[in-house]
Amino acid sequence: MTSSKIEIPGEVKSDPAALMASLQLMPSPVPNPEIKYTKIFINNEWQDSVSGKVFPTYNPATGEQICDVQEAEKADVDKAVQAARLAFSLGSVWRRMDASERGRLLAKLADLVERDSIYLATIESLNSGKPFLPTLFVDLQGTIKTLRYFAGYADKIHGTSIPMDGEYLTFTRYEPIGVCGQIIPWNFPLMMTAWKLGPALACGNTVVLKPAEQTPLTCLYMAALIKEAGFPPGVINILPGFGPTAGAAIASHMGIDKVAFTGSTEVGKLIQEAAGKSNLKRVTLELGGKNPNIIFADADLDLAVEQAHQGVFFNAGQCCTAGSRIFVEELIYDEFVRRSVERAKRRIVGSPFDPTTEQGPQISREQHNRVLELIQSGISEGAKLECGGKALGLKGFFIEPTVFSNVRDDMRIAREEIFGPVQQIMKFKTIEEVIERANNTDYGLVAAVFTNDINKAMTISTAMQAGTVWINCFNALSTQCPFGGYKMSGNGRELGENGLKEYSEVKTITMKMVAKNS
């Protein structure tokens, strides 16, 4: 059975009059949206897979199949790389295009995403289980802003002149790397597409992009917008498929000059290994996190409880930035736990298309079962289950918001990235202790601290081994700010000016002069 039907629950979860009033002000999803694009996009053309294979994609809120999608494998990657290399060849339309025109095309793509944002948010929610309204107001806005940010940078990437010793004129020039393979995850499909495409295209590269097999639909719709925006054939190629086949072919392909991957640390290691064993292609990795969130007794407790709650449970806990190790100072520990449990019990779990829903399903049955297994490990290892801990009795892959207290640092739930709606709350006594414990992890993506003492805030933020540290806030991400991790959370940076450097080679050009004047 295949279906793109949107189910709006009949149960009203809040005051009916208030709900109706708010619904009149809120955008509504597209009812029963048509799935327009399910093929491979190569050279601005829709193609069937070379093998003829297709794979199903599902609605995680119901478990029902939405449609079949063409399955790219190595032969399809070869075709896409050939198209991308031709588009990148010297003298091509893309290589001769003014940088300002590249920026105009990116800006046009952003405009088209904005035009179709209701449809894109609907499909994103249908395919990933993300609640519709946060998808529209967070994911779509982030996608549009990212594309516009890098559109503005396209003609502002420039080198410098260097006062070299001797009779020489020397300057640097930033050049595109070439063909970039990009592999994106299922938790933020549209935003990750923009995070990858924006800087790569602004710098003048061509792209072979693989969306996650769980969530290919919005990325394929983006391909249609890419063609409509006017990008030349071969500049952007989008290949739905699986990691061990299409993803592995991208990572090891001799015709790809750089690979960028967002996903698990386990897969990131395989990609870096494949890149090294093939042509030593450039590698950018944004990987997992087991992120500390440190709450001092002098913090604004209401703010800290809510931010810690959203920091873990946003997107059903399926965030690499999830603040899943919450360290609370001993003096306020019991009260913090009490308020966190109270807040978790109020969290509304349900259909992504119910406007009152805060939390949708996990992405798949496999992920759903893995989260439940980790919850059980927390119980078995002696953590106190304060609330939740079970699957919800609904269709689809829903899990109750879960809170553990009395968590030890050596427990699996305190060490492993759960990627689910599970909050672990631990106790600390001194600032020295919490710094050591917070840094005692293989990961180093983000961290946060809540305190009204600026000295504590700066001591913690400078001591954390993490690429981003938030003070009295959480998940405050922006297109303008570089994002990436220390240690096994990856290498390189995305977003901001730093993100452009990951897609450029720096060339030094020196010319002999007859005479030099200052």
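Start at the largest cavity of this predicted model: its lining, sorted by class, holds seven nonpolar, six polar and two charged residues. To centre the view, select Gly-317, Ala-322, Ser-324, Ile-418 and Phe-419, which lie nearest the cavity centre among the 15 lining residues. The enclosed space is about 80 Å³. A search of the whole structure gives four cavities of 30 Å³ or more.

Go next to the second largest cavity, with a volume of about 50 Å³. Select Pro-292, Thr-441, Tyr-443, Gly-444 and Gln-465, the closest to its centre of the 13 residues that line it. Its lining divides into six nonpolar, five polar and two charged residues.

Now select helix α15, residues 431-439. Its buried residues are Val-434, Ile-435, Arg-437, Ala-438 and Asn-439. Add the elements they pack against: strands β12 (292-295), β13 (325-329) and β16 (422-428), together with helix α16 (454-463).

For the largest nonpolar core, select Leu-109, Val-113, Leu-201, Phe-231, Ile-238, Ile-295 and Phe-336; of the 92 residues in the core, these touch the most other members. Then colour helix α6 (residues 132-153), which supplies the largest share of this core, ten residues. As background, nonpolar side chains in soluble globular proteins tend to be buried together.

Stay with one core residue, Leu-201. Which residues does Leu-201 touch, not counting those up to four places away in sequence? Show Trp-94, Arg-102, Leu-106, Val-207, Phe-231, Val-235 and Ile-236.

Move to Thr-206, in strand β8 (residues 206-210). Is Thr-206 buried or exposed? Its relative accessible area is 0%, so Thr-206 is buried. Leaving aside neighbours within four places in sequence, its contacts are Ala-84, Ala-87, Phe-88, Trp-94, Gly-178, Val-179, Cys-180, Gly-234 and Val-235. Trp-94 and Val-235 were also on the list for Leu-201.

From that contact list, pick Cys-180. Cys-180 has 0% relative accessibility and therefore counts as buried. How many disulfides are there? The count is zero. For Cys-180, the nearest cysteine sulfur belongs to Cys-203 and is 8.7 Å away.

Finish at Cys-320. Why does Cys-320 form no bond with the closest cysteine sulfur, in Cys-319? The two sulfurs are 7.0 Å apart, which is too far for a bond, because a disulfide needs the pair within 2.5 Å. Cys-320 is at 15% relative accessibility and so counts as buried, the cut-off being under 20%.

Definitions and conventions:
Residues numbered from 1 in each chain as written. Predicted model: local features only at pLDDT ≥ 70, side-chain atom pairs only at ≥ 80, totals over all residues. Heavy atoms only, no water. 1 Å grid on protein atoms, 1.4 Å probe; cavity = no way out; pocket = protein on both sides within 12 Å on 5 of 7 lines; lining within 4 Å. Points joined across faces, edges and corners; volume = space filled by probe spheres on them. Nonpolar A, V, L, I, M, F, W, Y, C, P; charged D, E, K, R; others polar. Core = buried A, V, L, I, M, F, W, Y, C linked by side-chain atoms within 4.5 Å. Buried < 20%, exposed > 50% of the residue type's maximum accessible area, 1.4 Å probe, protein only. Helix = DSSP H or I, 4+ residues; strand = E, 2+ residues; numbered from the N terminus. Contact = heavy atoms within 4.5 Å.
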